[in-house]
Amino acid sequence: MASPARLRLFRTTAFRLSAIFLAVFSIFSTLMIGYIVKSTMELLEGQTLEAVGRELDELAAQYQLGGIVRLARVVDLRSQQPGASLYLIADPDGAKVAGNVAFVPSAILDNPRPEPQTVPYRGAEETGGFGRRVALVRVFELPAGYRLLVGRDVSERNQLIEITIRALLVTMGLMVVLGLASWLFVSHRVLKRIDSMAATSRRIIAGDLTGRLEVTGTGDEFDRLAESLNTMLERIERLMEGLKEVSDNIAHDLKTPLTRMRTRVEAVLSGARDEHEYRDALQATIDDADQLIRTFDALLMIARAEAGSSGTAFSTVDVTSVAEDVFELYEPLSEEAGAELTFTANGPAPVAGIRELLAQALANLVDNALKYAEEGAEKPRVTISVEREADVVRLAVADNGPGIPPEDRARATERFVRLEKSRSKPGAGLGLSLVAAVARLHHGALSLEANGPGLRAVLILPAAKEIANAA
Amino acid sequence: MRILVVEDDQEALAYLVKALREAGHVADQAMDGEAGLELASGGGYDVLIVDRMLPKRDGLSLIASLRKEGDRTPVLILSALGHVDDRVTGLRAGGDDYLPKPYAFSELLARAEVLARRATPQESETIYRVGDLELDRLARTVTRGGKAILLQPREFRLLEYLMKNAGTVVTRTMLLENVWDYHFDPQTNVIDVHVSRLRAKIDKDFDRPLLHTVRGAGYVMRDDG
């Protein structure tokens, strides 16, 4: 029974790929070896047969001239030459008359066939047995029972082919061994990386969000995967932290008014009161409830805006006309409060967006600006301005209130953050974070700048190409 | 006014029906979509108040089947979903007004009353009259006791909406929605200032006021004389 670890090794992708590769390679190599051997043999055999054929023609001519005697003399002469072909003239009893072949199986001579055939033989200078010599021969029957055998030694050719085949087989064997070794190595290494990744993942799943996958620095595919996963983990960790912070804040900002509400009701119920007191307490309770609802609505809005558009088709909205509407909405209020609200624009400013949300964001900014401008030293002044540039639309609300210190500006757009100084003002502190969420939903940004004195909140939105058709 | 309330929260339903009856209306109730549809199909209601999420058949499907039968009774949708998208889906399904939860009863009552009036052919009138105040919708002029009053375009629309619903209370949110087309709640009460400006123009120099504030609810155009 195989151990689980070994089983796992066989289940890897590396193993499957190696096995497929090996099989394909073996089939291909076998076919190639076969082809090479076959064509080499054909080539060599062709050459041999051609030489034998030539010899036969010449010997036939000699036989025509002087019969068997002349033929025997020529064969003996030729047999002496170095690198000679093989010759044998046998008498009707099979005994050697002339030639350099000492022995061939008698069956060859008994059934003379002119077709080429491969036979074992023994040369004249050899002694005993057949040895390892093989020849390609043709045998002819001569008149009066004599036989003529002509051929060439093919032992060397066969040895050459054998060597070739052996070399190829050894190479193939080596390939298989190397393939197996590399598969073992790769699989082992891959499994080690995967195991380490899986272990880290399990730790993260168990709740340790600070865990990160190992990056070896080789820049291989595992490193790239680990890097992407680490980026993802960082984002998740940030989101989780945000969620925790938000739930802490919700707990604080929703529980505080709820507690206040409960305490008030309890206090009113605990003693004898007149109707007027009951009414006041109930009215105060409704006001608290309304404030809670507003906080809730703002939270939901921010959550939705941050989650991205939920199927609402953006339309082309003219920021200038939105700003003009909001200006007109707030103008009487600011006049009553003794503030100076002004509006400037350098022409239509189309963006792709949702009119309602942009108006709400701007109303929030104007609301805030009017509130804080009153705290300033001078006569409260708030300016709404729309500037259309090449690629962006800047929708700004500037006031001359106390402003926000630079170190607090980034924090000001976070949910629920109400800067220390403004704790006395009404509002759940969600205003600026809601504006920031609307900006993000529109692929823009909210930037808080100094207005010397005061604050300048700028919504930077990507400009749409078409000219606005909104009135 | 006959009102049908379809709402699955028993406590909210009991409270609503009781409050509507106290306000002088006849109120029927249903607790799921099927029962609601059955009652509504019987007809005879001036307004339907329908919760969006109901058991058996949801509110939007209830409205859609009513509209398919040719029933044009005004419907006020109540819903915990208050986003711009949700409002658009609700109105597209055939609702006439959309009120996100939680709501003030005064808000719901005012909206239901305005919806019930919509069923009467008030829309086609070109001249609205309240006491000696006259608003000509075509000529876009306003006179009181024969004296011309000059209004800004937005003030004209504000007065037009108030006079169209004369005798009925309209809330600040309704004004913001119908005159400004905003569905959010500004933190500060900007609407009050607009109304007091309008009041200064149409009521200040005359013997009796026509534009009244209803405490805790909103405003109403009414000739008390």
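The following questions and answers walk through a predicted model with chains A and B.

Trainee: How much of chain A reaches pLDDT 70 or more?

Mentor: Start with the average. The mean pLDDT of chain A is 79. The share of its residues at 70 or more is 87%.

Trainee: Where in chain A does pLDDT stay under 50?

Mentor: Where pLDDT is low, the predicted coordinates should not be read in detail. That caution applies to a stretch for which the model has 13 contacts beyond four places in sequence. The stretch under 50 is residues 418-428 of chain A.

Trainee: Which helix gives the most residues to the largest nonpolar core?

Mentor: That core has 111 residues. Val319(A), Val326(A), Leu358(A), Leu362(A), Val366(A) and Val435(A) touch the most other members. The top contributor gives twelve residues and spans 355-373 of chain A. It is helix H8 of chain A.

Trainee: Which residues does Val366(A) contact, leaving aside neighbours within four places in sequence?

Mentor: Val366(A) is among the core members that touch the most others. Apart from that core lies another, of 26 residues, including Leu71(A) and Val101(A). The contacts of Val366(A) are Val326(A), Tyr330(A), Val382(A), Ile384(A) and Val397(A).

Trainee: Is Phe314(A) exposed, partly exposed or buried?

Mentor: Phe314(A) sits in the loop between helix H6 (275-306) and strand E8 (315-318) of chain A. A residue needs 20 or more C-beta neighbours within 10 Å to be buried, and 12 or fewer to be exposed. Phe314(A) has 15 inside 10 Å, so it counts as partly exposed.

Trainee: What separates the C-alpha atoms of Phe314(A) and Arg355(A)?

Mentor: Along the chain, the two residues are 41 apart. In space, their C-alpha atoms are separated by 8.9 Å.

Trainee: Which element gives the largest share of the side of chain B that touches chain A?

Mentor: In this contact, 18 residues of chain B meet 21 residues of chain A. By class, the chain B side has eight nonpolar, six polar and four charged residues. Two elements give two or more residues to it: helix H4 (84-92) and helix H8 (190-202) of chain B. The largest share, four residues, comes from H8(B).

Trainee: How many residues of strand E4 of chain B are buried?

Mentor: Check both faces. Val75(B), Ile77(B) and Ser79(B) are buried on one side, Leu76(B) and Leu78(B) on the other. The strand is largely enclosed by the rest of the structure, because the buried count is five of the five.

Trainee: Which strands pair with E4(B)?

Mentor: Strand E3 (residues 47-51) of chain B pairs with E4(B) in the parallel sense over four bridges, and Leu48(B) stands opposite Val75(B). On the E5(B) pairing, also parallel with four bridges, Ser79(B) has Pro100(B) as its bridge partner. E3(B) also joins helix H3 (residues 59-68) of chain B and E4(B) in a right-handed β-α-β unit. The partners are E3(B) and E5(B).

Trainee: Which strands stand at the edges of the open sheet of three strands in chain B?

Mentor: The order is E10-E12-E11, with antiparallel pairing. E10(B) pairs with strand E12 (residues 218-221) of chain B over two bridges, and Thr171(B) stands opposite Gly218(B). Each edge strand has a single partner strand, so one side of each is left without a neighbour in the sheet. The edge strands are E10 (170-171) and E11 (211-214) of chain B.

Trainee: What percentage of chain B counts as buried?

Mentor: Chain B carries eight helices and twelve strands. Among its contacts between residues at least 6 apart in sequence, 55% join residues at least 24 apart. Of its 225 residues, the buried share is 39%.

Key: Residues numbered from 1 in each chain as written. Chains lettered and ligands numbered in written order. Predicted model: local features only at pLDDT ≥ 70, side-chain atom pairs only at ≥ 80, totals over all residues. Core = buried A, V, L, I, M, F, W, Y, C linked by C-beta atoms within 7 Å. Contact = placed C-beta atoms within 7 Å. Nonpolar A, V, L, I, M, F, W, Y, C, P; charged D, E, K, R; others polar. Pairing = 2+ DSSP bridges. Right-handed = clockwise from strand over helix to strand, strands pointing away. pLDDT = per-residue confidence, 0-100.
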